[in-house]
Amino acid sequence: MKTIKILLLAIFTPLLFTACVKEVYVEDTYVDNGISLPQLMEGYDLWYVDYDATTGSGDVPFLTRAFTVSFVNGSMYANNNLAGIGSTGGGFGVRIGSYNYFTNAVRVYHDIYGIYDLEVYQLSSNRIKLYNRSENVTYYLNGYQRSSFDYNKLFYDNLHYFLQEYKAWEKVYTSNYGALNDFDNEHFIQFIAGGSDNNFRSSQDAPGTPYNNIYWDFTGLYGISNTSSYYSKILTLDYDFWGNESFTITVINDSRIRLYHNASGTTYEFVGRGFIQYMKKGVTTPRERAKSTAGKLES
């Protein structure tokens, strides 16, 4: 029996190894479809950054910060924020720099971060990988046209990032219906970007308090989960000291949200204060070095 087992192992091990190597090879095989590098990069309006697929030890900050990037007639654009996505820059986002081409690579001249060389490898008709050799990091991107890109799906799949794009959310409306509850006394919420946990703070300061002067009374963790409706989510605030508060959250516009308190039946509305434009150097961004387990836009 021992001899048979060794013989079978000798037969099957190369086959298994070959199968594994083939799978990786297909993923990273260069696809030559007869078009030039400019035609490839500029042939799609948007390149969605598949951030969960990122590999390597380094960081190209303007790719880490972006949901999408675009290469348009020498100017590079990015959608770094969810507020205004689909309308900002005609759907391209904000201009972040310029670029030119050389052999199998794009050289980006970022307005803040400087020059980065990105080697381009085409993996399929609409999927590429960008490798920065100096940082030893690889990003995978999927190409879309603006007319067929689902901005709404991107927005709602990443709603937790949208909540982090304001320094504070101020309560501006409380319904007359619904039972009295402790959350009636909360007037501000802040959703904190960065780190492995989703942290929040809340305050009972008087309405109208400038966000830089807010005293944060409570802290905790928050989570967002799906509902049966595409356009609403469940927001759970897990306070450090008194337990959980559950809300059905819907987005009214790019700076206003509605929270329905599931236990009391009370509806609140909050307006974002202090919009954070994710372009400035040194600003901690939601996607920065944090591999999210939340849903991403599927290719």
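**Salt bridges, a barrel and two cores**

Thank you all for coming; the count of salt bridges in this structure comes to nine, and since the model is a predicted one, please take everything I say about it as computed from that prediction.

Let me begin with one of these pairs, in which the side chains of R133 and E119 meet at 2.8 Å, taken from nitrogen to oxygen. R133 sits in the loop between β8 (127-132) and β9 (137-144), while E119 belongs to strand β7 (residues 114-124), so the salt bridge ties together parts that are 14 residues apart in sequence. The two partners differ in their surroundings, because R133 has a relative accessibility of 53% and counts as exposed, whereas E119, with 18%, counts as buried.

Another pair brings together E170 and R273, whose side chains form a salt bridge at 2.9 Å, N to O. Here distant parts of the chain are linked, for E170 lies in strand β10 (residues 166-174) and R273 in strand β17 (residues 267-275), 103 residues apart. E170 counts as buried, since its relative accessibility is 8%, and R273 counts as partly exposed because its value is 31%.

Strand β17 also carries E269, and the side chain of E269 meets that of R258 in a salt bridge of 3.0 Å, N to O. R258 is in strand β16 (residues 256-261), and the two residues are 11 apart in sequence. With a relative accessible area of 10%, E269 is buried, while R258, at 32%, is partly exposed. This pair does not stand alone, as R256, R258 and E269 are linked in a network of salt bridges. As a general remark, side chains of opposite charge can pair when their charged atoms come close.

How, then, are these strands arranged? Eight strands close into a barrel, in the order β10-β11-β12-β13-β14-β15-β16-β17, and their pairing is antiparallel. On average, neighbouring strands of this sheet are turned by 35° against each other, with direction ignored.

If we walk along part of that barrel, we come to strand β12 (residues 199-203), which pairs in the antiparallel sense with strand β13 (residues 218-226) over four bridges; within this pairing, N199 has L221 in β13 as its bridge partner. Strand β13 is in turn joined to strand β14 (residues 233-239) by seven bridges, again antiparallel, and there the bridge partner of G220 is Y239 in β14. These two strands, β13 and β14, form a hairpin with six residues between them. Continuing onward, β14 is joined by seven bridges to strand β15 (residues 243-253), the two running antiparallel, and Y239 appears once more, with G243 in β15 as its bridge partner.

I would now like to turn to another set of strands. Strand β3 (residues 68-72) and β4 run antiparallel and are joined by five bridges, with V72 standing opposite S75 in β4. Together they form a hairpin with two residues between them, and in the turn N73 has a positive phi of about 50°. Strand β4 (residues 75-79) is mostly covered, as four of its five residues are buried. On to the next partner: β4 pairs with strand β5 (residues 94-102) over four bridges, in the antiparallel sense, and M76 is found opposite G97 in β5.

Just ahead of β3, R65 has its place in the loop between α3 (61-64) and β3. Is this arginine buried or exposed, given its relative accessible area of 7%? R65 is buried, because the cut-off for that label is under 20%. The side chain of R65 makes a polar contact with the side chain of Y113, at 3.1 Å.

Finally, a word on the nonpolar cores. Which residues touch the most other members of the largest core? Among its 35 residues, these are F162, F191, L237 and I257. A second, separate core has 28 residues, including M41, V49, F62 and M76, the last of which we met opposite G97 in β5. Returning to F162, and leaving aside residues up to four places away in sequence, we find that F162 touches L82, A83, F155, W169, V251, N253, D254, S255 and I257. In soluble globular proteins, nonpolar side chains tend to be buried together.

Terms used
Residues are numbered from 1 along each chain as its sequence is written. This is a predicted model: local features need pLDDT of at least 70, side-chain atom pairs count only at pLDDT 80 or more; totals for chains, interfaces and linings use all residues. Side-chain values use heavy atoms; hydrogens and water are left out. Buried means under 20% relative accessible area, exposed over 50%, partly exposed in between (1.4 Å probe, protein chains only). Two strands pair if DSSP finds at least two bridges between them. A nonpolar core is a set of buried Ala, Val, Leu, Ile, Met, Phe, Trp, Tyr and Cys residues joined through side-chain atoms within 4.5 Å. Contact means heavy atoms within 4.5 Å. A polar contact is a pair of N or O atoms within 3.5 Å; within protein, one must be able to donate a hydrogen and the other to accept it, and residues adjacent in sequence count only if both atoms are side-chain atoms. A salt bridge is a side-chain nitrogen of Lys or Arg within 4 Å of a carboxyl oxygen of Asp or Glu. Axes are lines fitted to C-alpha atoms, for helices over the stretch in contact, and angles run from 0 to 180 degrees between N-to-C directions.
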